[in-house]
Amino acid sequence: MRKLPRVLVVEDEPAIAELIAVNLRHNGFAPTVVFDGAAAQREVDAVLPDVILLDWMLPGESGASLARQWRKHERTKTVPILMLTARSDESDKVQGLDAGADDYITKPFSTQELLARIRAVLRRRAPEIVNDSVQVGELALDAGTYRITFRGKELKVGPTEFKLLHYLMKHAERVHTRGTLLDKIWGDHVFIEERTVDVHVKRLRESLGEAAGMVETVRGAGYRLTAINNTGRPAQGTSISAA
């Protein structure tokens, strides 16, 4: 029997929570509903969900605070989080994404849009069946084994950041606009905003550690991945190879 994706719904309004849960069940998901942050943490500790729908305004600890905590812990850092909120200003969206959300949906929302967004983050989380490897300077990525190393040390990145790095490494030394990266990494998921690219680039740099300088911001254009030398600066003429 096919395992149904587990969705943790953290929503303090019972009517909205029940509406979401009913639609999830009817569309092939296994929802668990909780109404505050403490209960959400207990559920996460007990069984790791496949995706979390997280209301921003909760009694006690806010959804943004919970998202930040989960992003800091190794066990929960890669679980997709969709922030649900009535706050629709751009600054609020940016704050939600910076807190660790993978996507952001404002109330009121259509159930079809919500389901589409859930499916999209689950697709991005699922590893693609590819076996190629690529190396830029001392940074190496093996898609077959899902490993990244820099100067012989293994690095851990989230699934979206892995796909982003894979694409940048395969097209190193080129400048990629945010729109191009959205198309290549997120595909036809039309709801994602360009600001999301900046957030994931930030997360990628944090995960790369000493190799963070390889991901360059090209002002007014986008991003570029380039090799660095022992000083941490871009290296000239460094080899780029792919298998």
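Hi everyone, let me start with phenylalanine 162: this residue is buried, because its relative accessible area is 5% and the cut-off for buried is under 20%. Please keep in mind that we are looking at a predicted model.

So what does phenylalanine 162 pair with? The partner is tyrosine 146; the ring centres are 4.0 Å apart and the planes meet at 15°, so this pair is stacked. Phenylalanine 162 belongs to helix α6, residues 159–170, while tyrosine 146 sits in the loop between β7 (139–142) and β8 (147–150), so the contact ties together parts that are 16 residues apart in sequence. Is tyrosine 146 buried or partly exposed? With 35% relative accessibility, tyrosine 146 counts as partly exposed, whereas phenylalanine 162, as I said, is buried.

While we are in that loop between β7 and β8, have a look at glycine 144, which is found there too. Glycine 144 counts as partly exposed, because its relative accessibility is 42%. Its C-alpha lies 6.3 Å from the C-alpha of aspartate 132, and the two residues are 12 apart in sequence.

Now, back to the rings. How many aromatic pairs does the structure hold? Two. The one I haven't shown you yet joins tryptophan 56 and tyrosine 104, with an edge-to-face arrangement: 6.4 Å from centre to centre and 75° between the planes. Tryptophan 56 is in the loop between β3 (51–55) and α3 (63–72), and tyrosine 104 is in strand β5, residues 103–106, so this pair links parts that are 48 residues apart in sequence. Both tryptophan 56 and tyrosine 104 are buried.

Last stop, the largest pocket. Its volume is about 460 Å³. Which residues are closest to the centre? Of the 23 that line the pocket, those are Arg71, Lys77, Glu161, Arg203 and Glu206. As for the character of the lining, 12 residues are charged, six are polar and five are nonpolar.

Where does the lining come from? Five helices each supply at least two residues: α3, α4 (90–99), α5 (111–125), α6 and α8 (195–208). The largest share is from α8, with six residues. You will recognise α6 from the start of this talk: phenylalanine 162 of the stacked pair lies in that helix, and α6 also supplies at least two residues of the pocket lining.

That's my tour, thanks for listening, and I'm happy to turn the model around on screen for anyone who wants another look.

How values were computed
Residues are numbered from 1 along each chain as its sequence is written. This is a predicted model: local features need pLDDT of at least 70, side-chain atom pairs count only at pLDDT 80 or more; totals for chains, interfaces and linings use all residues. Side-chain values use heavy atoms; hydrogens and water are left out. Rings of Phe, Tyr and Trp (its six-membered ring) pair if their centres lie within 6.5 Å; planes under 30 degrees apart count as stacked, over 60 as edge-to-face and the rest as tilted. Helices (H or I, at least four residues) and strands (E, at least two) are DSSP runs, numbered from the N terminus. Buried means under 20% relative accessible area, exposed over 50%, partly exposed in between (1.4 Å probe, protein chains only). On a 1 Å grid over the protein atoms alone, a cavity is a set of points where a 1.4 Å probe fits but cannot get out, and a pocket is an open set with protein on both sides within 12 Å along at least five of seven lines; lining residues have an atom within 4 Å of a point. Grid points are joined across faces, edges and corners, and a volume is the space filled by probe spheres set on the points. Ala, Val, Leu, Ile, Met, Phe, Trp, Tyr, Cys and Pro count as nonpolar, Asp, Glu, Lys and Arg as charged, and the others, Gly among them, as polar.
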